[in-house]
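Q: Please walk me through this structure, and give the reasoning behind each label.

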Amino acid sequence: MNTRTAPSTGGRFEVVVAGGGPAGAVAALVLARTGRRVLLVDDHADPSGTTARFTIGETLPPAARPLLYDLGLWPHVTADRHLRSTGILASWGSPELYDRSDVLDPNGHGRHLDRARFDASLRSAALAAGAEFRRATVVRHHTRGSEQQILLRREGTVEELLCDWVVDATGRRCNIGRRRAARHRQDRLVAAYALLDRRMPHDRGTDEDLRTLVEAVPGGWWYTVRIPTGRLVAHLTDTDLAPPALRTPTGFLAHAARTLHLRTRLEGYAPPPAAPRWTAAHGLRLSPPAGAGWLATGDAALAFDPLSSQGILTALHTGAHAGRTVDLCLRGTVTEALTEYTAFLDGIADAYLGHHAYYYAQERRWPTHHFWKRRANSSTAPGQRPA
Ligand SMILES: Cc1cc2nc3c(=O)[nH]c(=O)nc-3n(C[C@H](O)[C@H](O)[C@H](O)COP(=O)(O)OP(=O)(O)OC[C@H]3O[C@@H](n4cnc5c(N)ncnc54)[C@H](O)[C@@H]3O)c2cc1C
């Protein structure tokens, strides 16, 4: 590694939060508000969000509103240029489309987010509450007695920091937790996705349907959604079942064109300029999610199949809970606080598994196709297959 270790410059923090997505930003916010000296570290973003890359995971469900309101963050959501989400259209279990509107939801509409803006606004709120921020990669974590040693790398320089607790909010990478606990994956679900942001030259149409469209197909399922920067389209399947054609822009669109309903949403759009991107999308669980001096939150602790549309909400909830838990640990009630945190995550995981099993059981049209057969036969409990 072509790096050098610089003298530690950052002083000593009570807490270092690794990862500045929704979970990490909210954990840092809660800790800063309790008066803790906290450092939020993210390898990609800066707090303004200006250089952030496109992040998948865009629909904020209505149920997130009370939590964001309680945290004083709801005005950020309404002030930014996120789009209202007006519900879901789904062809799941039948070729017909059924409509589930958000109109009757007591929490009002959800939002289709500009994720870079949303995540940046959460980080800004944490900084305004007193958290410090560093753009760097957390490369190592060691426990030395009662101290946590963190190594950060930025532009070829490695810096050492000391703190009392470290929060792993690095998302599915689970940079710290994966070295300290077992990771269990639910299946081999992956997503291939593309952002359509250019209309065909001759096209005069507009694209104003703000409902998410979900469509099951023999090899998995598709979804598409309008977001502030264009239209996102994604195909979910298992790693070993993914057709090679999905790897090129034209192959991806040709595949999408075989759907019954989704294809109509893509009309008028030019093919994506680059090859579709891929990301892991399977359920994932870290066990245990915490130990002496460290704790995982958000996707690092518990990641969901995107069919749930609950990932951001769960990251916000578990991030806030992680912040409160670390504060309690710093006050000395470590065993009780970590036991309660683990039970809180267990409750969320159990509810997720119940919903996951229920929704996949609704689709019975292709019982012999591998994708659906695996889900019909599986107990759906993440915990059986080491990641
Ligand atoms: C295909 C797909 C579609 C989805 N759609 C939705 C949806 O519609 N609605 C929804 O609610 N959820 C959705 N999700 C899930 C949602 O995106 C995640 O649950 C959510 O982003 C988790 O937030 P987080 O803060 O835990 O992690 P992340 O958002 O992944 O943030 C982690 C941060 O840590 C940083 N990081 C990682 N490693 C390091 C390191 N070593 N050092 C420093 N920084 C590091 C990363 O750069 C990142 O900024 C979807 C997921 C997938 C895969």
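Q: What makes strand 7 and strand 18 the edge strands of the open sheet?
A: In this predicted model, the open sheet has seven strands in the order 7-6-15-16-17-14-18. Pairing is mixed. Strand 7 (98-101) and strand 18 (277-280) each pair on one side only, so they are the edge strands. From one strand to the next, the twist averages 20°.

Q: How do you know that strand 6 and strand 7 pair?
A: Pairing takes at least two bridges. Four bridges join strand 6 (residues 87-91) to strand 7, so the two strands count as paired. They run antiparallel. One of the links is Ala90, whose bridge partner in strand 7 is Tyr98.

Q: Why is helix 7 called roughly antiparallel to helix 8?
A: The axes of helix 7 (residues 311-331) and helix 8 (residues 334-361) cross at roughly 170°. Angles over 145 degrees count as roughly antiparallel. Therefore helix 7 is roughly antiparallel to helix 8. Their axes come within 8 Å.

Q: Which residues make that contact, and of what class are they?
A: Helix 7 contributes Thr314, Thr318, His321, Thr325, Leu328 and Cys329. Helix 8 contributes Val334, Ala337, Leu338, Tyr341, Phe344, Leu345 and Ile348. Nine are nonpolar, four are polar and none is charged.

Q: What gives the most to the shell around the ligand?
A: Helix 7 does, with four residues. Of the 36 residues around the ligand, Gly21, Gly57, Gly171, Gly298 and Gly311 come nearest. By class, the shell has 15 nonpolar, 16 polar and five charged residues. Domain 1 and domain 2 each supply at least three residues.

Terms used: Residues numbered from 1 in each chain as written. Predicted model: local features only at pLDDT ≥ 70, side-chain atom pairs only at ≥ 80, totals over all residues. Axes fitted to C-alpha atoms, helices over the stretch in contact; angles between N-to-C directions. Parallel < 35°, antiparallel > 145°, perpendicular 65-115°, else oblique. Contact = placed C-beta atoms within 7 Å. Nonpolar A, V, L, I, M, F, W, Y, C, P; charged D, E, K, R; others polar. Near = placed C-beta within 6 Å. Domains from an automatic or database assignment.
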